[in-house]
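Work through the exercises below with the sequence and the coordinates open. Each task is followed by a solution in steps.

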Amino acid sequence: STTKVSANLLSKNSRLKFVATATAGTDHVDQEYLVNRGIPFVSAGGCNAVAVAEYVLSAMVVTANQQNWQLTDKIVGIVGAGHVGTALSARLNVLGIKHKLCDPPLADAGDSRTFVTMDEIMQCDVITLHVPWVKTGKYQTQDMFDKQRLSQLTEQQLLINACRGEVLDNQAALELFEQGKKLNLVLDVWDNEPNIKLELIPHISLATAHIAGHTIEGKARGTEMLYVALCELLGIPADKTLGDYLPESSIGPLQVVVKQDLLQAASRLTLEVYDISKDDLAFKKQVYGPEQFRYIRKHYPIRREFSAIAVNTGNF
């Protein structure tokens, strides 16, 4: 996602037949240029949706433990109801955590789900962002959380950005912190990566290096999506499934007491599989420049999705 697939990169290539990115984001690809040259393009939209949803759940559980929250008493505002927002919504439904969806483009397109306005989202206890980076137009998301909107947040609210760094004005956040404003921010994505505002890091409740979607399952899923698309283009059967090649999980089986409260059990299991606070600690210790940001992202250890872990409730 850091390679700019542009005319500058591809203009001297006369035989290119296919361009693909094993990422959900596509803003690093000049799709208009590819269309003009008649080159097919495929992305892996949705490949990391489960991973990002589980990242958000881990952030919520860690914050709840720190703040002595009961998550069933809180309302979560999900901004962006695409792949990630939908995956997160499904998990919150299972856990009995109340939430609201905001997605003006989908609402205008006739999506049958119930949507609320951003004004209603701003009243939620947890606000989590899952929108694409749109620089201009009716559905602009750049600086969606600017200084004015950030100023409206209270220290009891939690704001999570795990979509694009440019959706939240990092300079405005830093200025507010320096003015004494208390905010609870979880940032996985940052403006101008990897040259991020280092002065902002100490103020962030949970900070990570754009790794929310970096599970081994998410990466395999993205690769498989591109493999299937390429096979279709070449007219050959897609007879491999990358899931068959995944290693056994080193975690589990995890034990659960049958009579334990569902949310209490799910919260404990969440942190046993993925505890975001460990990534936060490593980030704050190691990142003091762009090279460290790149390194920690490139060498991120294997992380599994919840579905890879067996849970024993006493029946085996």
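The exercises treat helix packing, helix length, burial and backbone geometry in this predicted model.

**Exercise 1. Describe how helix H3 packs on helix H4.**

Step 1. Take the axes of H3 (residues 49-67) and H4 (residues 83-95): they lie 8 Å apart, at an angle of about 50 degrees.

Step 2. Classify the angle. H3 is therefore oblique to H4, because oblique covers the angles that are not under 35, not over 145 and not in the 65 to 115 range.

Step 3. Assign the hand: H3 and H4 cross in the right-handed sense.

Step 4. List the residues in contact. H3 contributes Ala49, Val50, Val52, Ala53, Val56, Leu57 and Met60, and H4 contributes His83, Val84, Ala87, Leu88, Arg91, Leu92 and Leu95.

Step 5. Sort these residues by class: the contact of H3 with H4 has twelve nonpolar residues, one polar and one charged.

**Exercise 2. Compare the length of H3 with the expected span, and state how covered the helix is.**

Step 1. H3 has 19 residues, and the distance from its first C-alpha to its last is 27 Å.

Step 2. At 1.5 Å a residue the expected value is 27 Å, and the model is close to it.

Step 3. For burial, 16 of the 19 residues of H3 are buried, so the helix is mostly covered.

**Exercise 3. Check the span of helix H10 and find what its buried residues pack against.**

Step 1. H10 (residues 262-273) has twelve residues, which should span 16 Å at 1.5 Å a residue.

Step 2. The end C-alpha atoms of H10 are 16 Å apart, so the two values agree.

Step 3. The buried residues of H10 are Leu263, Ala265, Ala266, Ser267, Leu269, Thr270 and Val273.

Step 4. These buried residues pack against H3 and H4, and also against strand S9 (254-255) and strand S10 (311-312).

**Exercise 4. Describe the contact of helix H11 with helix H12.**

Step 1. The axes of H11 (residues 276-286) and H12 (residues 290-298) come within 10 Å and cross at roughly 150 degrees.

Step 2. That angle makes H11 roughly antiparallel to H12, because the cut-off for this class is over 145 degrees.

Step 3. The crossing of H11 over H12 is right-handed.

Step 4. On the H11 side the contact uses Ala282, Phe283 and Gln286, which meet Gln292, Phe293 and Ile296 of H12.

Step 5. By class, the contact of H11 with H12 holds four nonpolar and two polar residues, and no charged ones.

**Exercise 5. Is Leu153 buried or exposed, and which residues is Leu153 in contact with beyond its neighbours within four places in sequence?**

Step 1. Locate the residue: Leu153 is in the loop between helix H7 (147-151) and strand S6 (158-161).

Step 2. Its relative accessibility is 4%, so Leu153 counts as buried, the cut-off being under 20%.

Step 3. With neighbours within four places in sequence set aside, Leu153 contacts Met122, Ile127, Leu159, Lys181 and Leu183.

Step 4. Asn184 is 31 residues from Leu153 along the chain, and the C-alpha atoms of the two are separated by 8.9 Å.

**Exercise 6. Place Gln148 and Ser151 of H7 in their surroundings.**

Step 1. Gln148 has 58% relative accessibility, so it counts as exposed.

Step 2. Gln148 and Ala172 are 24 residues apart in sequence, with 8.8 Å from C-alpha to C-alpha.

Step 3. Ser151 is partly exposed, at a relative accessible area of 33%.

Step 4. Beyond its neighbours within four places in sequence, Ser151 is in contact with Leu176 and Lys181.

**Exercise 7. Account for the backbone geometry at Asn68, Asp143 and Pro194.**

Step 1. Recall the usual case: most residues other than glycine have a negative phi, and most peptide bonds are trans.

Step 2. Asn68, just after H3, takes a positive phi of about 60 degrees. Asn68 lies in the loop between H3 and strand S3 (75-79) and is exposed, with a relative accessible area of 69%.

Step 3. Asp143 has a positive phi near 55 degrees. Asp143 sits in the loop between strand S5 (126-129) and H7, and at 32% relative accessibility it counts as partly exposed.

Step 4. The peptide bond from Glu193 to Pro194 is cis, with omega near 0 degrees. Pro194 is in the loop between strand S7 (185-187) and strand S8 (206-207).

Terms used:
Residues are numbered from 1 along each chain as its sequence is written. This is a predicted model: local features need pLDDT of at least 70, side-chain atom pairs count only at pLDDT 80 or more; totals for chains, interfaces and linings use all residues. Side-chain values use heavy atoms; hydrogens and water are left out. Axes are lines fitted to C-alpha atoms, for helices over the stretch in contact, and angles run from 0 to 180 degrees between N-to-C directions. Helices (H or I, at least four residues) and strands (E, at least two) are DSSP runs, numbered from the N terminus. A crossing is left-handed if the near helix is turned anticlockwise from the far one by less than a right angle, and right-handed if clockwise. Contact means heavy atoms within 4.5 Å. Ala, Val, Leu, Ile, Met, Phe, Trp, Tyr, Cys and Pro count as nonpolar, Asp, Glu, Lys and Arg as charged, and the others, Gly among them, as polar. Buried means under 20% relative accessible area, exposed over 50%, partly exposed in between (1.4 Å probe, protein chains only). The expected span of a helix is 1.5 Å times one less than its number of residues.
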